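Visitor: I would like to walk through this structure one question at a time, with the reasoning spelled out.
Guide: Gladly; please look at the sequence and the structure first.

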Amino acid sequence: MITKNEIISKLKACTSTHVKVAVADIDGVLRGKFMHRDKFISALDNEFGFCSVVFGWDVNDQVYDNVEITGWHTGYGDFPARIDGNTFRQIPWQEDIPFFLADFESPLSQDQNVCPRALLKNIISQSETAGFKPVFSQEFEWFNFVKTNDTSSQNSFRDMTPITSGMFGYSILRMSDNYGFFQDLLAMLERFGVPLEGLHTETGPGVLEAAIQCSDALEAADRATLFKSAVKEIGKKHNITASFMAKQTKDLPGCSGHVHQSLWDLNKQSNLFYDKEDELGMSQLMKHFLAGQLYCLPDILPLLAPTVNSYKRLTEGAWAPTTLTWGIDNRTTALRVIEGGPKATRIEHRVVGSDVNPYLAIAACLASGLYGIKHKLPLDNRHTIGNGYEDLQHGVLPRNLYDATTRMAQSQIASELFGQKFVDHFCKSRLWEWRQFSEQVTDWETKRYFEII
């Protein structure tokens with residue numbers, strides 16, 4: 001843990017008189033501001049006020065009309081935010097200005113906390129109390145387009161030009177086409193404290209995939225959240241617009257945000273998921289964890305697929321799962337067990353899309369796994385061999401955001417895992433999202449019905 005004196009020393013070594021501070025909203029969008037160094041230092045010992053609207057509006061700053069925690073009825077006062085000194089970074093593409101993350105540990109009272117980062121911290125605490133150190137990482141696929149002159153309008157995102165053409169997964173040739181962008185991503189993200197394990201082209205025009213190095217669960221969520229924002233900022237310097245939508249077009253696969261996960265002893269000396277005596281190398285603890293994830297998945301799906309667009313990705317034959325299945329190194333199942341020996345045995349959660357809030361996605365993965373351990377759930381589902389899309393014996397995932405959210409809102413499991421206040425607030429934010437979509441007249445409707453109906 002970094003001390004206040006160490007933070008002050010680092011800040012004084014910087015040339016900047018200001019510090020950048022950010023919090024993550026319910027959608028995982030970073031909201032922040034510049035603070036003078038003196039004000040920032042004074043806030044290290046105390047909380048500082050951050051407008052509660054950060055949990056009361058959507059990605060387009062339209063305020064919810066259906067939530068209780070904040071709104072016009074509350075006057076949109078401040079919630080007390082607390083800076084996490086351990087998140088200190090310097091932004092290499094912005095003259096090394098200091099950067100910190102903050103969260104809301106207790107905005108009103110503990111049972112009313114809807115802050116995603118605080119929620120994850122609470123679940124990590126439960127894990128560590130039980131004797132488990134969660135080690136996680138996230139990987140992302142995303143599309144990259146040539147930046148247009150005007151991106152102020154939604155219409156400007158139509159018919160954009162990808163930075164590369166054709167289907168070139170793992171292409172060395174296409175990596176060379178945008179070498180400067182690749183090099184800046186690798187070098188600047190490393191300096192920013194978001195080290196990449198790998199970076200390559202994916203199948204599809206202008207699509208990239210990056211795997212972030214594993215770490216403790218909170219650091220993994222911080223890295224994933226900062227990664228998405230950093231890629232967009234670095235991209236703009238190369239005249240590139242990065243998009244983490246889960247599904248860009250029906251003609252191409254969607255973009256994943258797979259979460260890799262394992263539990264270790266508290267000293268991180270041994271991977272508790274590995275058992276050399278087991279036929280599949282899986283410990284009983286891992287089997288309970290996996291069973292919990294399968295059992296809870298239909299009840300908490302909106303945390304892993306939070307937008308209307310998310311469900312366009314979860315379709316058969318598009319490299320995203322649709323069934324409640326698991327398999328050994330099987331990329332057609334919801335959960336993929338990776339046999340990596342004592343160091344790398346882990347679970348890859350393949351439902352997660354690139355549009356998630358990483359704090360909530362990792363919280364959902366960890367909490368549901370711990371549920372399985374707590375209740376000693378047996379892994380009754382035999383692992384799928386072959387095509388997971390055809391393995392319907394244990395059910396399928398909800399098909400759209402409305403159905404998934406309605407199920408989560410009524411779920412006792414979700415309430416047990418995350419608290420009723422959070423479930424209520426989050427589900428109402430997703431129902432708001434569904435309502436915004438349902439009120440729109442889409443291009444598909446116009447093309448289909450305008451003349452002929």
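Visitor: Where along the chain is the place of Tyr-76?
Guide: Please keep in mind that this is a predicted model. Phi of Tyr-76 is near 50 degrees, which is a positive value in a residue other than glycine. The place of this residue is the loop between β3 and β4.

Visitor: Is Tyr-76 buried or exposed?
Guide: A residue is called buried when its relative accessible area is under 20%. For Tyr-76 the relative accessible area is 13%, so this tyrosine counts as buried.

Visitor: Tyr-170 also has a positive phi, near 55 degrees; is Tyr-170 buried or exposed?
Guide: Tyr-170 is found in the loop between β6 (133-146) and α4 (172-177). Exposed means a relative accessible area over 50%. Because the value for Tyr-170 is 60%, this residue is exposed.

Visitor: What is the order of the strands in the open sheet of five strands?
Guide: The pairing in this sheet is mixed, and the edge strands, each of which pairs on one side only, are β2 (30-36) and β3 (48-51). Direction ignored, neighbouring strands of the sheet are turned by 45 degrees against each other on average. Read across the sheet, the order is β2-β1-β5-β4-β3.

Visitor: Which residue in β4 stands opposite Phe-48?
Guide: Strand β3 is joined to β4 (residues 78-91) by four bridges, and the two strands run antiparallel. Within this pair, Cys-51 stands opposite Asp-78 in β4. The residue that stands opposite Phe-48 is Ala-81.

Visitor: Along β3, which residues point to one face and are buried?
Guide: In a regular strand the side chains alternate between the two faces of the sheet. Along β3 this alternation is seen, with Gly-49 and Cys-51 pointing to one face without being buried, while the buried residues that point to the other face are Phe-48 and Phe-50.

Visitor: How many residues of β1 are buried?
Guide: Strand β1 is joined to β2 by seven bridges in the antiparallel sense, and β1 pairs with β5 in the parallel sense over three bridges. Strand β1 is largely enclosed by the rest of the structure, because the buried residues among its seven number six.

Visitor: Which residue in the turn of the hairpin formed by β1 and β2 has a positive phi?
Guide: In the pairing of these strands, the bridge partner of Val-23 is Arg-31 in β2. Between β1 and β2 there are five residues, and the one in the turn with a positive phi, of about 85 degrees, is Gly-28.

Visitor: How many disulfides are there?
Guide: A disulfide is a covalent bond between the sulfur atoms of two cysteines, and the cut-off for the sulfur pair is 2.5 Å. The sulfur of Cys-115 is 15 Å from the closest cysteine sulfur, in Cys-51, and therefore too far for a bond. By this rule the count of disulfides is zero.

Visitor: Which helix gives the most residues to the largest nonpolar core?
Guide: This core has 127 residues, of which Phe-40, Trp-142, Phe-227 and Phe-418 touch the most other members. With twelve residues, the helix that gives the most to this core is α10 (residues 358-374).

Visitor: Between which domains does this core lie?
Guide: The chain is divided into domain 1 (4-110) and domain 2 (128-418), with 26 Å separating their centres, taken over C-alpha atoms. The contact takes 19 residues from domain 1 and 20 residues from domain 2. Since both give residues to this core, the core lies between domain 1 and domain 2.

Visitor: What distance separates the C-alpha atoms of Ser-215 and Phe-136?
Guide: Ser-215 lies in strand β9 (residues 215-216) and is buried, with a relative accessible area of 9%. Leaving aside neighbours within four places in sequence, Ser-215 is in contact with residues including Pro-134, Val-135 and Phe-136. Although Ser-215 and Phe-136 are 79 residues apart along the chain, their C-alpha atoms are separated by 5.8 Å.

Note on methods: Residues numbered from 1 in each chain as written. Predicted model: local features only at pLDDT ≥ 70, side-chain atom pairs only at ≥ 80, totals over all residues. Heavy atoms only, no water. Pairing = 2+ DSSP bridges. Axes fitted to C-alpha atoms, helices over the stretch in contact; angles between N-to-C directions. Core = buried A, V, L, I, M, F, W, Y, C linked by side-chain atoms within 4.5 Å. Buried < 20%, exposed > 50% of the residue type's maximum accessible area, 1.4 Å probe, protein only. Domains from an automatic or database assignment. Contact = heavy atoms within 4.5 Å.
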